[in-house]
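The exercises that follow each set a task and then work through a solution in steps. Please look over the sequence and the model before you begin.

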Amino acid sequence: MKSQYDPSRRFPALFVAASIALLCAAGPAAAAAKPASPAPQDYQQEIAAWQKDRDKGLRDENGWLTLVGLFWLDEGENKFGSDAGNKVIFPEGRAPGVAGTLIRHGKEVTLKAEPGVGLTADDKPVATEPVPLQIDASGKPTMLRLGSLSFFVIQRGDKLGVRVKDSKSPALAGFRGLDYFPVQTGWR
């Protein structure tokens, strides 16, 4: 709710005069503190480099165009795989119907893989024994891989979820680059 007292309404001339005085006093100092603008050609090269870097990041196998799912985990068992009945559903044809189970107990998650699925955790094969997982809030989450899929546990507030990426995602395969307006050096 907005305060009913507004000094600019009560003393408009005083408020305007004070504002002008502040702007005038800051004018020379602000002009002196302003960094020198890059030459137009340097500015265009800087923008082109940023655009190229942005494109490279989007095309990266860990870029945002590979994101195919985010699934919040329930307390207890959460099956994952390509079957629609799983809690964590992988894209069809990218994984077995049930590839394993993520077991959540509070803020801890353990992985139990199905036999012979070829799952890896931080590039090491996962056996059928339960494996404790690091979540992203720890600084470096355990990276799980299954074929073209990679997934890891994230924490957002009290919620734990699984972020799934696919290096062969349709969004990445269909990406043709970004369109940009021409660089206007006068707008920098």
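**Exercise 1: The sides of a helix**

Gln41, Lys52, Asp53 and Lys56 of α3 are exposed, and they lie on the other side of the helix from its buried residues. The model is a predicted one.

Task: find which residues of α3 are buried, and work out how they are arranged around the axis.

Solution. Step one is to apply the cut-off, under which a residue is buried when its relative accessible area is under 20%; in α3 this picks out Tyr43, Gln51 and Leu58. Step two is to look along the axis, where these residues cover an arc of only 75°, so they sit on the same side of α3. Step three is to ask what covers them, and the answer includes α4, residues 170–173. As a last step, the span of α3 can be checked: its 20 residues, 40–59, reach 29 Å from the first C-alpha to the last, close to the 28 Å expected at 1.5 Å a residue.

**Exercise 2: Two residues in a loop**

Task: describe the backbone and the exposure of Asp122 and Asp123.

Solution. Begin with the place: Asp122 is in the loop between β6 (120–121) and β7 (124–125), and Asp123 lies in the loop between β6 and β7 as well. Next take phi, which is near 50° for Asp122 and near 65° for Asp123, in each case a positive value in a residue other than glycine. Finally, compare accessibility with the cut-offs: Asp122, at 34%, counts as partly exposed, whereas Asp123, at 64%, is exposed.

How values were computed: Residues are numbered from 1 along each chain as its sequence is written. This is a predicted model: local features need pLDDT of at least 70, side-chain atom pairs count only at pLDDT 80 or more; totals for chains, interfaces and linings use all residues. Side-chain values use heavy atoms; hydrogens and water are left out. Helices (H or I, at least four residues) and strands (E, at least two) are DSSP runs, numbered from the N terminus. Buried means under 20% relative accessible area, exposed over 50%, partly exposed in between (1.4 Å probe, protein chains only). The expected span of a helix is 1.5 Å times one less than its number of residues. The arc is that of the directions from the helix axis to the C-beta atoms. Contact means heavy atoms within 4.5 Å.
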